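Biologist: Before we begin, could you take me through the reasoning behind the words used for this model, one term at a time?

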Amino acid sequence: NRSFVKKAAPKEEVKYVSDRKITDLPVHESIIQNLLKKGYEKPSEIQDKTIEALLKGGDLLGIAQTGTGKTAAFLVPIIQHLLNHKPAFQVLIVAPTRELALQIEEEFKSLAAGMSLYSATFIGGTNINSDNQKLERKLQVIVGTPGRLLDLSDRKVLDLRKVNTLVLDEFDRMLDMGFVLDVNKLVNRIGKRDQTLLFSATLEPGQKKLIDGLLSNPIEVKVSTGATTNENIEQQTIRVPEGLDKFDVLADLFANPELEKVILFTETKRLADRLAKKLVQAGIKAGQIHGDKSQNFRNRMIDEFKNGEIRVLVATDVAARGIDVADVSHVINYQLPMTMDAYIHRIGRTGRAGKVGHAITFVN
C-alpha cells in the first residue's frame, strides 16, 4: 500500500487576478448588485474566461473543480438570458448529488434575488407528490438529480422538451455514480436545445466520445489541470498495533487541535452510526451522514459541520460525494476504501483551493 503514503507538495498557487471588476461585467445592473452583496469583487478565472461566450449562447466544456466559482460562471449568463426573454421553464441544471443540487439552487436564488425568476429543486429522498405542486408553478430554472428528474418525466409531470438550456455539473462524478444511462435518457428526452454547458473536474479519455455527443463546437476552458492527482494532500497510514483498540487510536488523534474539521470515512452505515456515538461519548463533537438518513437530517449535519458546531462528520462514500465544505482539514479512512478511485474521491474532500490537506488511512 505504498500509494497511501505521500508527502504533500504545496502548490505555488499562481493566483489568477482578473483585469476587470465585477462592475465591469456586461450584464444587468441587478445581477451585479447581487454579486457585490455576496462579496464578489473580481470575476474568478472561469467566470472571466467564459462569460462573453456564454452570453452569445455557445456550448461550453469547463474543466473546473469545486471552489473555482463555476456555479456563478454558469448562473450569471443564464440569469442574463432569462431577464432578456422569460419563457416559462427554460433551464435544466443536473447535478450528481442532492447536496450539490440544493447548493446550486441556493446560489441561483441569491444571484437572481428581486428579479421575479422562479426555481425549484427535485431530488431523491423527498416526497415526490410535493414535487407535482412545485411543477404547477411557472418555473424558469429546474435543478435536480438524474433519477428524480427521470421519475417526474416518466410520470408526465415534467415536460423535458421545453428545456432549451442544459447544464451538466460535476459530470465526472455523475459517471462515477453510475448515472450515465440516466443522463443519456434525459438528454434524449430534451432533444434539440440552444445551449449545453458541461463541467467536470477531471477529463478522462473514456469520456471524450460521450462529451462530444452532448456538445456542439464548445469552447473549452480549463482552470484546473483535469488530472486526478492530489499533490497538495499529505497522505499517511496508521497501523493499529496488536492488542490496541482501533477506536482508542482514533480518539487519541483528536488530542491534536490541528484536526479541526474532519471527515471520517467508514464502509458501512452501521459503523458510521456507532463511531459518531462513541466519539460524542468521548467528548468529541461528531455527526453522521449516510444513505439511511433523511435529506433534511443530512443537510442539517452538513450545515453544523460547515459552521464548526461539529468537529467530525462520519460518512459513507455515497453520502460524501455531495459534501462541498471548503476548509476540511483532515480526511480519515477508518477502513481502507474498496478501490483506488474511492480513495482519490475521499481524500479530495480536503486540500481544496490550494491549501495543504491531510489524509490518514488506518491499515490493519
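Biologist: What makes the pair Arg-161 and Asp-159 a salt bridge?

Modeller: A salt bridge is a side-chain nitrogen of Lys or Arg within 4 Å of a carboxyl oxygen of Asp or Glu. The side chains of Arg-161 and Asp-159 meet at 3.1 Å, N to O, so the pair satisfies that definition. Please keep in mind that this is a predicted model, in which local features need pLDDT of at least 70 and side-chain atom pairs count only at pLDDT 80 or more, while totals for chains, interfaces and linings use all residues. Residues are numbered from 1 along each chain as its sequence is written, and side-chain values use heavy atoms, with hydrogens and water left out.

Biologist: Why is Arg-161 called exposed, and why is Asp-159 called partly exposed?

Modeller: Buried means under 20% relative accessible area, exposed means over 50%, and partly exposed lies in between, with a 1.4 Å probe and protein chains only. Arg-161 has a relative accessible area of 64% and is therefore exposed, whereas Asp-159 has 28% and is therefore partly exposed.

Biologist: How do you know that Arg-148 and Asp-131 form a salt bridge, and why are Arg-148 and Asp-131 called buried?

Modeller: The closest N and O atoms of Arg-148 and Asp-131 are 2.7 Å apart, which makes the pair a salt bridge. This pair links distant parts of the chain, with Arg-148 in helix α6 (residues 146-154) and Asp-131 in helix α5 (residues 128-136), 17 residues apart; helices are DSSP runs of H or I with at least four residues, strands are runs of E with at least two, and both are numbered from the N terminus. Arg-148 counts as buried because its relative accessibility is 10%, and Asp-131 is buried because its relative accessible area is 1%.

Biologist: Which residues are linked with Lys-70 in a network of salt bridges?

Modeller: Lys-70 is linked in that network with Asp-169, Glu-170 and Arg-173. The side chains of Asp-169 and Lys-70 meet at 2.8 Å, N to O, and both residues are buried.

Biologist: What makes a group of residues a nonpolar core?

Modeller: A nonpolar core is a set of buried Ala, Val, Leu, Ile, Met, Phe, Trp, Tyr and Cys residues joined through side-chain atoms within 4.5 Å. The largest one here has 39 residues, and among those with the most contacts inside it are Leu-35, Phe-74 and Ile-79. Helix α3 gives the most to this core, with eight residues.
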